[in-house]
Amino acid sequence: MLELINLSHHVQRRGADPLTVLDHVSFTAPGGHLLAVLGAAGSGQTTLLNTLAGLSRVQSGAVVWRGRDVDVKKQPFLPNEIGYVSGDDSSLHDLLSVKENIVSALLLRVGGLTKHEALVRADKLMLFCGLETVAGQRTATLARPMRRRLSLALALAPEPLLIMCDDFTDGTDPKSERELAALLQLVAREKPGRLVINATQDLANLATYSSVVVLHEGRVCFHGPGRALTHYFSVPHIEDLYQRLAKRPSQRWQDSWNRHRDSYYAAFKLFVGGATPEADLGAAADDEDDARPAKGNGDRIRLSTSVAVSNENKEEEEALPPPPPRPGFGTQVQVLLARRWTMFRRHRSRMWQQIAVLFGLP
């Protein structure tokens with residue numbers, strides 16, 4: 001289980017006050033969960049993922065993973081405990097084939113694997129991520145949806161329990177968006193205790209996610225099932241969400257959510273036990289000017305328990321084995337040199353440039 005407690009992040013600016021990127025971000029997500037971090041550009045999603053991944057230090061607050069504070073100075077994430085899928089596919093090597101990219105990632109990140117074992121596991125990963133039809137194809141020729149699948153396959157190589165994706169489904173066609181969201185759901189359910197987080201601006205396919213956290217200017221404004229967003233924010237269509245958020249300061253949205261959070265969590269049965277199988281929820285985000293408070297049965301929604309966390313799942317999380325160790329330094333150097341040589345041979349223009357320098361300019 002992942003728990004964020006009053007996580008804040010500020011950027012120092014010369015000649016100006018510090019810029020608050022994250023402001024007291026708090027929420028909880030269990031294992032076996034697919035979480036969407038939803039927000040417009042500049043809402044702090046990438047900073048949140050970078051902080052969770054250890055790329056940015058925790059300035060204020062705490063990140064608790066499976067009962068331990070994972071601050072760099074305390075008990076940081078173990079190698080291979082997390083996987084990160086960046087929004088720019090920077091982990092891909094265009095001159096390698098799909099299978100070569102995955103085999104290389106396995107040999108670099110999982111210790112004790114032979115070349116044959118890495119090939120077998122690469123075949124399984126390609127089948128799982130829907131890449132078997134393009135196994136021998138150069139990465140440079142792949143369309144964006146396939147590049148996204150390959151980036152996810154590389155992150156899955158060491159079988160991490162926490163996987164974070166930045167804009168994983170954004171920028172693809174509607175059919176690919178649905179398929180990629182369904183793939184993330186499959187990844188979350190494939191391994192006991194695994195948590196998958198996708199930071200996205202996409203308002204489609206929110207029903208695929210176990211729960212949705214809405215960030216606005218670095219503040220949490222909502223956390224619950226995607227189907228409850230229109231009710232909570234009093235908008236007729238989900239496409240109106242960002243326009244609705246812009247009508248109020250983010251601090252007021254955060255204060256409103258803090259008032260309603262406990263009742264929503266209890267109704268959603270997100271992380272509490274002992275509630276009835278279903279619960280009626282009539283509260284919506286209140287506003288003095290433009291919010292429409294829920295009145296009558298027509299404005300009430302019935303919330304199921306599809307994202308409830310059972311005690312058995314908690315026990316499974318605690319009993320999970322540690323992540324696999326990484327290979328030694330020598331092994332990693334050999335794999336990196338072999339990969340670099342393969343890419344060098346396939347980059348014809350660069351190869352001829354090097355030959356010209358060696359023999360033409362003594």
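## Helices, backbone outliers and a cavity

Among the elements that cover the buried residues of helix α2 are β6 (82–85), α3 (115–129), α4 (144–156) and α10 (329–346). This picture comes from a predicted model, and the points below take up α2 itself, the bent helix α8, two residues with a positive phi, and the cavity.

**Helix α2**

- Helix α2 runs over residues 98–109, and its 12 residues should span 16 Å at 1.5 Å a residue, which agrees with the 17 Å that separates its end C-alpha atoms.
- Because 10 of the 12 residues of α2 are buried, this helix is largely enclosed by the rest of the structure.
- The buried residues of α2 are Val-98, then the run Asn-101, Ile-102, Val-103, Ser-104, Ala-105, Leu-106, Leu-107 and Leu-108, and finally Arg-109.

**Helix α8**

- Helix α8 covers residues 250–268, and whereas a straight helix of 19 residues would span 27 Å at 1.5 Å a residue, the end C-alpha atoms of α8 are only 24 Å apart.
- A bend of about 50° is found in α8 at His-260, and His-260 is itself listed with the buried residues of this helix.
- The buried residues of α8 also include the aromatic side chains of Trp-253, Trp-257, Tyr-264, Tyr-265 and Phe-268, together with Ser-250, Gln-254, Ser-256 and Ala-267.

**Residues with a positive phi**

- His-24, although not a glycine, has a positive phi of about 50°, and this residue lies within strand β2, which comprises residues 16–29.
- With a relative accessibility of 44%, His-24 counts as partly exposed, because that class lies between the 20% limit for buried and the 50% limit for exposed residues.
- Asn-80 is likewise not a glycine and has a positive phi of about 70°; its place is in the loop that connects β5 (68–69) and β6.
- Asn-80 has a relative accessible area of 2%, and therefore it is buried, the cut-off being under 20%.

**The cavity**

- The structure holds 1 cavity of 30 Å³ or more, and the volume of the largest cavity is about 30 Å³.
- The lining of the largest cavity is formed by Thr-169, Glu-177, Ala-181, Thr-200, Asp-202, Ala-204, Asn-205 and Tyr-209.
- Sorted by class, this lining is made up of 3 nonpolar, 3 polar and 2 charged residues.

Methods. Residues numbered from 1 in each chain as written. Predicted model: local features only at pLDDT ≥ 70, side-chain atom pairs only at ≥ 80, totals over all residues. Heavy atoms only, no water. 1 Å grid on protein atoms, 1.4 Å probe; cavity = no way out; pocket = protein on both sides within 12 Å on 5 of 7 lines; lining within 4 Å. Points joined across faces, edges and corners; volume = space filled by probe spheres on them. Nonpolar A, V, L, I, M, F, W, Y, C, P; charged D, E, K, R; others polar. Helix = DSSP H or I, 4+ residues; strand = E, 2+ residues; numbered from the N terminus. Expected span 1.5 Å × (residues − 1). Buried < 20%, exposed > 50% of the residue type's maximum accessible area, 1.4 Å probe, protein only. Contact = heavy atoms within 4.5 Å. Bend = angle between axes of the 7 residues up to and from the residue.
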